[in-house]
Amino acid sequence: MEPLTSKKKVLEKKPLTLAERLYLPAIAKGMSITISHFFKKEATIRYPEVEREFSTNFRGMHSLKRDEEGRERCTACGLCALSCPAEAITMIAAERKPEEKDLYREEKYASVYEINMLRCIFCGLCEEACPKEAIYLDGPIVPADYLRKDFIYGKDKLVEQPLTKK
């Protein structure tokens, strides 16, 4: 196989000086870089003692909101689950019973609402798709855990506490 061009690069090998053969300039340069890092600002924070400042558009853990009367806003329309690219949201819709009128706004509600936090990519598409403004990503960081089943959050962890009436 012939080369595509007839150009050849000629390398010229210069002999090393005594200092270069002893690697003294390279060692001195490496030590100066290492020592300069002692005087720079630390790149990490000491997490338990110091909390990191988050940006204004930080997306934290999901929360299902309630309306002014303390009823759940979610009507189990399923738009959040459809818009989720990671398919992390699952829900089961149910009909409201007459005695549950003070718990849910509409006749239909989510009897089971689960988010798999291991699959969630915190993109915020579920928040944008919700027509009732029922889901927000305004919570804290998702805490660490040891078991996979503990990262599937149900309504017990997602629904915000009702407002206390005075």
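What radius of gyration does the protein have, and what would a compact globule of 166 residues have? The protein has 29 Å, whereas a compact globule of that many residues would come out near 15 Å; the radius is taken over C-alpha atoms, and the globule rule is 2.2 Å times the number of residues to the power 0.38. This is a predicted model, in which local features need pLDDT of at least 70 and side-chain atom pairs count only at pLDDT 80 or more, while totals for chains, interfaces and linings use all residues. Residues are numbered from 1 along each chain as its sequence is written, and side-chain values use heavy atoms, with hydrogens and water left out.

Along its principal axes, the C-alpha trace spans about 95 × 55 × 30 Å. The protein has 5 helices and 5 strands, and along the sequence they follow the pattern α-α-β-α-β-β-α-β-β-α. Both kinds of element are DSSP runs numbered from the N terminus, with helices (H or I) needing at least four residues and strands (E) at least two.

As for the surface, about 13,700 Å² of the protein is accessible, and 57% of this belongs to carbon and sulfur atoms (Shrake-Rupley method, 1.4 Å probe). Of the 166 residues, 26% count as buried, which here means under 20% relative accessible area, with exposed being over 50% and partly exposed in between (1.4 Å probe, protein chains only). Taking contacts with a separation of 6 or more, 71% are between residues 24 or more positions apart, a contact being heavy atoms within 4.5 Å.

Then come the rings. The whole structure holds 2 aromatic pairs. In one, phenylalanine 54 and phenylalanine 58 have ring centres 4.3 Å apart and planes at 20 degrees, so the pair is stacked. Rings of Phe, Tyr and Trp (its six-membered ring) pair if their centres lie within 6.5 Å, and planes under 30 degrees apart count as stacked, over 60 as edge-to-face and the rest as tilted. Phenylalanine 54 is partly exposed at 41%, and phenylalanine 58 is also partly exposed, at 33%. Tyrosine 104 and tyrosine 109 form a stacked pair too, 3.8 Å centre to centre with 15 degrees between the planes. Here tyrosine 104 is buried at 11%, as is tyrosine 109 at 7%.

One lysine also deserves a look. Lysine 65 sits in the loop between strand E1 (63-64) and helix H3 (79-83), and this lysine is buried, with a relative accessible area of 16%. Neighbours within four places in sequence aside, lysine 65 is in contact with Glu72, Arg73, Glu133, Ala134, Tyr136, Asp138 and Glu160.
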